[in-house]
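Colleague: I would like to learn how to read strand order and helix packing from a set of coordinates. Could we work through an example?

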Amino acid sequence: MSFTEEKREWIKKYMLEKIRQDDGAYAQKTMENFEVSITTVKRYLKECVEQKIIVPNADKECGYCLITVEEEWEVDNVEDLEEDTFYFDKVFPILNDLSENSRKIWYYAFTEMMNNAIEHAKAKRICCKVKKDVLYTEISIADDGIGIFNSIRQYADQQLHIKMDTAQARMELYKGKFTTSPESHSGEGIFFTSKMLAQFALWSEDVMYSNRCDDEAKFVRSHLIAYYTKLNRIGTMVQMKLENDQIEVIVNYHGAELRSLKKKATDQEYLWNADAKYWQQERNLRHPIESLLNNFFRIFYKIYMDNFGESVIISM
């Protein structure tokens, strides 16, 4: 049976996803989901081995594992440490073979989270790790600072004269507006980074802020263990995961504004876009489409800002 190139790629990606999950029934599930023969599955398997995408591994239930590139760094949070410089010197060379869209997303996500560790965490040491295979790239950042929820509580108490507990501090991240440096940050960095990625989890004080994580504990557990061996304490740890080349993004580099964020397979737009008929200017970062509760409910809204006009609730 002859398939289109697109269908062959979907079959391979499905099979590789199951191998990545160490699913011993990957072959049977691929056959059933795509109505292909075991001969077809074995042929794609052989191609992936020859292309150095997977290697046999007797310790795995499925018999294979994806070939992975991993790098990690530990740095002192000194005065001249800059997130942009660190990204281009250390991280970018590993991501250089990804699409331009993927690299744009990772640039935004990494620099936002690294900036938090450098400028706001009051950390002495910062650890970073990049892990990449054919399907996904994962990046984690951990610091030994005061912890993000503690930082929010302190600022609310000292500057706003508001008492918060950890649960309330966590909720501020879901709102996407709170910042401890209003003179230089909008407070939207963590919120938008979490929406751009396939999975996002932030851990501090045994409390999690996450997006699209079915099993939060499993997603962060191994990284926490690894970082505890490198840092005296963990103030905040961020774990991020993104599909390779599955997202299309448009970025206005003036102010690092996101203009469009689409999933290629469905053409689904994740950012609110201004209609020129009604809006002469737009700032997409200030008009998000949020999915705060789960994937079934999304609140679409426009907020009165500057000269944008009246506030209108579109739908809920």
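Modeller: We take the sheet, then a pair of helices, bearing in mind that this is a predicted model.

Colleague: In what order do the strands of the open sheet lie, and how are they paired?

Modeller: The order is β3-β4-β5-β8-β6-β7, so six names are read across the sheet rather than along the chain. The pairing is antiparallel, and the twist averages 10° from one strand to the next.

Colleague: Which strands stand at the edges?

Modeller: β3 (69–76) and β7 (207–211); each has a single partner strand, so one side of each lacks a neighbour in the sheet. For β3, the neighbour is β4 (residues 125–132), joined to β3 by 8 bridges. Within that antiparallel pair, W73 stands opposite C128.

Colleague: Which helices pack on the sheet?

Modeller: Helix α6 (residues 148–158) touches β6 (199–204), β7 and β8 (236–243), and its direction makes about 65° with that of β6. Helix α8 (residues 189–196) also touches β6, β7 and β8; the direction of α8 makes about 55° with that of β7.

Colleague: What describes two packed helices?

Modeller: The angle between their axes and the distance between the axes. Here α2 (residues 26–34) and α3 (residues 38–50) pack at about 120°, with axes 9 Å apart. That angle makes α2 oblique to α3, and the crossing is right-handed.

Colleague: Which residues make the contact?

Modeller: Y26, A27, T30 and M31 come from α2, while α3 supplies I38, V41 and L45. By class, 6 are nonpolar, 1 is polar and none is charged.

Terms used. Residues numbered from 1 in each chain as written. Predicted model: local features only at pLDDT ≥ 70, side-chain atom pairs only at ≥ 80, totals over all residues. Heavy atoms only, no water. Pairing = 2+ DSSP bridges. Helix = DSSP H or I, 4+ residues; strand = E, 2+ residues; numbered from the N terminus. Axes fitted to C-alpha atoms, helices over the stretch in contact; angles between N-to-C directions. Contact = heavy atoms within 4.5 Å. Parallel < 35°, antiparallel > 145°, perpendicular 65-115°, else oblique. Left-handed = near helix turned anticlockwise from the far one by under 90°. Nonpolar A, V, L, I, M, F, W, Y, C, P; charged D, E, K, R; others polar.
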